[in-house]
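Subject: Handing over a two-chain structure

Dear colleague,

I am passing on the structure we spoke about, and below it you will find a short account of what came out of it. Please keep it open beside this message while you read.

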Amino acid sequence: MFEFDLFELTRDTVTMAVGFTAVLASLGVILCSAPVYCALYLISNMICLALLFLLYNAEFIAAVQIIVYAGAVMILFLFIIALLGGKKEVQESSAQRSMAFTFVITMLGELFLAATVGPTKPIEGGFDPQTVAQVGGSAKAIGLELFSRHLVPFELASGLLLVAAVGIICLAKFSYAPVRRRTR
Amino acid sequence: MGHQFVLLISATIFCIGAAGFIIRKNPLIMFMSVELMLNSVNFLLVGYSSFLKSMDGQIFALMIMTVAAAEVVVGLAIILTIFRTRHDIDVDHINVLKG
């Protein structure tokens, strides 16, 4: 019998469209000459990925992606571009460049081969969408897992952020005056 | 969509990021390429966490975001320091460690 589910079909189409948009935006990041356009393409890539996260039932990660990446990190990038002056970069083709492309295309082919090798044995966990809804949403499910089984990595991550914050204060403060060459 | 779609999109974005890291000379855009690679891995983790009905993938994605945020902040501070001392951020010209 010919049978189709309109909801599934729409969902698949949207997923595919958003996925290809993400790929196109990432191409824009590496091919644009002006850094500001690269940053804008990167923001659109991140928004596409956030939409994909939503389509794969990860609402909390999608929100974090928008806030942390498309918000904080990209604002930082744009400020640095504004500070350093977004000079256009001349892109000429050279032997190095074609070597790089060969390397990357080989890697892509290998990854495709590895991806299409066939089904591996899945290890099923216990978090189907019903369970997540029962717990009270994606954020709550992540919180339960994070603060029970993954508590130590979580605390280590906070330590990492603290070290990064102290590190950039040191970098920004102590290297403020340009280094003078020693005479004599 | 199935596993193949997630794998293919993720692998493509990862390779584009790797290409960008190699071919560009502006360190800011090299950092953006690193972000692309990290994001593609995040997508893979989230997709598989949905397929395998486990929250571990999403938690790993969260950890990757933390590490990426720290990495970007430190990297941009280093780029800024280099720019202050040299007034030039082309990676081909940065070949001396001394300030």
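Two residues are in contact here if their C-beta atoms, placed from the backbone, lie within 7 Å. Please bear in mind that this is a predicted model.

With that meaning of contact, chain A brings 66 residues to its meeting with chain B, and chain B brings 60 residues. On the side of chain A that touches chain B, the elements giving two or more residues are helices H1 (6-31), H2 (35-55), H3 (59-84), H4 (95-115), H6 (138-148) and H7 (151-174) of chain A. The largest share of that side, ten residues, is supplied by H1(A). Sorted by character, the residues on that side of chain A are 49 nonpolar, eleven polar and six charged.

The largest nonpolar core holds 61 residues, and those that touch the most other members are Val29(A), Phe53(A) and Met32(B). Two or more residues of this core come from each of H1, H2 and H3 of chain A, and likewise from helix H1 (3-23), helix H2 (27-51) and helix H3 (56-86) of chain B. Leaving aside residues up to four places away in sequence, Phe53(A) touches Ala58(A), Ile61(A), Ala62(A) and Gln65(A), together with Val46(B) from the other chain.

Finally, is Ala82(A), which lies in helix H3 of chain A, buried or exposed? Ala82(A) counts as exposed, because it has 11 C-beta neighbours inside 10 Å, and the cut-off for exposed is 12 or fewer. Its C-alpha atom is separated by 35 Å from that of Pro153(A), 71 residues apart along the chain.

Best wishes

Note on methods: Residues numbered from 1 in each chain as written. Chains lettered and ligands numbered in written order. Predicted model: local features only at pLDDT ≥ 70, side-chain atom pairs only at ≥ 80, totals over all residues. Helix = DSSP H or I, 4+ residues; strand = E, 2+ residues; numbered from the N terminus. Nonpolar A, V, L, I, M, F, W, Y, C, P; charged D, E, K, R; others polar. Core = buried A, V, L, I, M, F, W, Y, C linked by C-beta atoms within 7 Å. Buried ≥ 20, exposed ≤ 12 C-beta atoms within 10 Å, placed from the backbone.
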